Amino acid sequence: MEETSLTNNGTPLGQGIEIPQDTDGERTEFDGQNGVPQERKEFVAPAVGMEFESYDDAYNYYICYAKEVGFCVRVKNSWFKRNSREKYGAVLCCSSQGFKRIKDVNRIRKETRTGCPAMIRMRLVDSKRWRILEVTLEHNHLLGAKIHKSVKKMGIGTKRKLQTSSDAEVRTIKLYRALVIDGGGNENSNSNVREIRDFSDHYPNQLNLKKCDIQAIYNYLCRMQLTNPNFFYLMDFSDEGQVKNMFWADARSRAAGGYFGDVIFFDNTYVTNRYEIPLVAFVGINHHGQSMLLGCGLVSGETTESYVWLLKAWSTCMSGLFPQTIITDRCKFLQSAIAETFPNSHHRFCLSHIMRKVPEKLGGLRNYDTIKKALTKAVYEALKPFDFEAAWGFMIQHFGVGDHEWLQSLYEDRTRWAPVYLKDICFAGMASVRPCETLNAFFDRYVHKQTPLKEFLDKYELALQKKYKEEVVSDMESRNSTVTLKTRCSFEMQLSKVYTREIFKKFQLEVEEMYSCFSTTQLHIDGPIVIFLVKERVLGEGNRREIRDYEVLYNRAAAEVRCICSCFNFNGYLCRHALCVLNFNGVEEIPSKYILSRWKKDYKRWYVPDQESSKVDGGTDRVQWFNQLYRSALQVVEEGAISLDHYKVALEAFEESLSRVHDVEEKPEQ
């Protein structure tokens, strides 16, 4: 299915708008991003990781690139599925690749082949797109002027697409996820490919804003100031008065930061993937496990300076708050900025982002499928650092990938992303430590690669309203509906009255899976501390049942229970193994220290702001007064919107409060 941008004209992503004829009879091509005439662009050189909607799209792209460079293309190899005859792999090469067979040497036709190595190897992947897995750009012969034919027997569909050479030239081939990626040890990559990652070549120290963008920002800020009293924004200007960076957060995002700002995901993927909008989002998880926005920013580039400014702006907006844990993509500039801005926070890399890059970084290697399987096993199944080190070492030696640059750098950073090294850190459900778990971008459905800033600002409020509505619905369901108990376990009954509906469902699964744990035995006793071994049957490769051992520490005197899987720190609730140990020892209720307030149905109702940030009595900082009053009032607003009865009570309370405040003004000073 073809992807389209959110613009009103419905122009497909990546396609130029062609005007058939100008006044002088010449053809003009328009940029699909801003609709202004431009000179014809050269095609970006192929790189490992580029993806295309179909084989024809990939083939057409390589032909157009070949025309720009000056060589012809032919299909060297194709692979088809045995039963369906569906094509699933191909190698496209320069027509000068290889040499003539011996029996053809004496023919009159002149020899044109030189054994040229230039080629691309591509394959149909799980996403049903065609991905480039291997690239060689160098030629061993002279390249001619732009060539307008290519050597290939074309099917009817392809001929239709390439009826004339001019049509093929004008058409901009659609690149899906056309990331310029260093394939890790791919010596054939074009050195110019890296240059494309510089965020703003022409304006390195300022936002590359168009006139319509500046007007859109101004209109948006004016509107928010009028309709959102606790709206916050900051702008960073250069010495020349140009906007370098920008941050903003609406009232609900600021309030949410107070509730759920302990663990945040700093999402800069729109910047690293070179979207039209250099957008950065601060994302948290609410009491239903839903993602929520804690602030937005625009940055002039991937620099430590820009990220430091943005992080400080967010902290200022949140009245000096800093997160306990901050999760980001792997980025050296961001790492330096967080170390400077939030030195006491736990900074960790997003595991799901790392694993998402595996096909791009390792897809060109031999035995890719088995390497990926070995890597997944090392990452997700290791329970102790020794297990991880052993599994990683086996993978490196067995497959001979010790010199792979990306794997080397990943191993050096292992204490920041591998779950086995992160067990003492609280992630509140944002750890993504299972293969099926991912941290998705907050604006995924609203921002595409070529979405202009003006359009994003229009969609921004729609995205937030949708999220707020989801939260209100979940609040009502958690308070008004009863959950169905699936076991007779006292732990399930206990937390069914406490947790929100969605969090309880996740905990309920742990209670159900207690029955897959068939043995709980004592391993070691040291005073009040007992180490238990819990055996569990789990699904392994090929849906075969495997038995795994989990060590659980239990201290009755301190009401402490800790499992080696560290489910509590990763997800915020106890695992099946810890529950088995509590049950084995006759404990009927989960200790209160293992029932996080952030998952409770009434958490926002009884939430008490951080004491340090709320000590404003006797002070003169009116901004702090306003912020604290607004947070308190917002709690009443959110509760008052649940039903008509709630609304009437909340409105009456506000009117009474306002009357009492007016009474203070009328009292004579003492």
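Reader: Hi! Which residues are linked with Lys377 in a network of salt bridges?
Author: Lys377 shares that network with Glu381, Glu546 and Arg548. Keep in mind that this is a predicted model.

Reader: Good to know. How many salt bridges turn up in the whole structure?
Author: A search of the whole structure gives 22.

Reader: Let's pick one. Which side chain does Arg330 meet in a salt bridge?
Author: Arg330 meets Asp413, with 2.9 Å from N to O. This pair links distant parts of the chain, 83 residues apart. Arg330 is in the loop between strand 13 (325-328) and helix 8 (332-341), while Asp413 is in the loop between helix 13 (405-412) and helix 14 (453-480).

Reader: And is Arg330 buried or partly exposed?
Author: Partly exposed: the relative accessible area of Arg330 is 22%. Asp413 is also at 22% and is partly exposed. Buried would need a value under 20%, so neither residue falls in that class.

Reader: Nice. What about Lys384, which residue does that one form a salt bridge with?
Author: With Glu551, and the closest N and O atoms are 3.4 Å apart. Lys384 sits in the loop between helix 11 (368-381) and helix 12 (385-399), and Glu551 is part of strand 17 (residues 545-555), so the salt bridge ties together parts that are 167 residues apart in sequence.

Reader: How accessible are those two, Lys384 and Glu551?
Author: Lys384 has 36% relative accessibility and counts as partly exposed. Glu551 is partly exposed as well, at 32%.

Reader: Why can side chains of opposite charge pair at all?
Author: They can do so when their charged atoms come close.

Reader: Fair enough. Where does Arg562 find a salt bridge partner?
Author: At Glu560, with 3.3 Å between the closest N and O atoms. Arg562 is partly exposed at 46% relative accessibility, and Glu560 is partly exposed with a relative accessible area of 23%.

Reader: Changing topic: how many helices and strands are there in the protein chain?
Author: The protein chain has 22 helices and 18 strands.

Reader: What share of the residues counts as buried?
Author: Of its 670 residues, 46% are in the buried class.

Reader: And what does the protein chain expose?
Author: About 36100 Å², with carbon and sulfur atoms supplying 50% of that area.

Reader: Last one: what percentage of contacts join residues at least 24 apart?
Author: That would be 61%, counted among contacts in the protein chain between residues at least 6 apart in sequence.

Conventions. Residues are numbered from 1 along each chain as its sequence is written. This is a predicted model: local features need pLDDT of at least 70, side-chain atom pairs count only at pLDDT 80 or more; totals for chains, interfaces and linings use all residues. Side-chain values use heavy atoms; hydrogens and water are left out. Helices (H or I, at least four residues) and strands (E, at least two) are DSSP runs, numbered from the N terminus. Buried means under 20% relative accessible area, exposed over 50%, partly exposed in between (1.4 Å probe, protein chains only). Contact means heavy atoms within 4.5 Å. Accessible areas come from the Shrake-Rupley method with a 1.4 Å probe; for residues, only the protein chains shown count as cover. A salt bridge is a side-chain nitrogen of Lys or Arg within 4 Å of a carboxyl oxygen of Asp or Glu.
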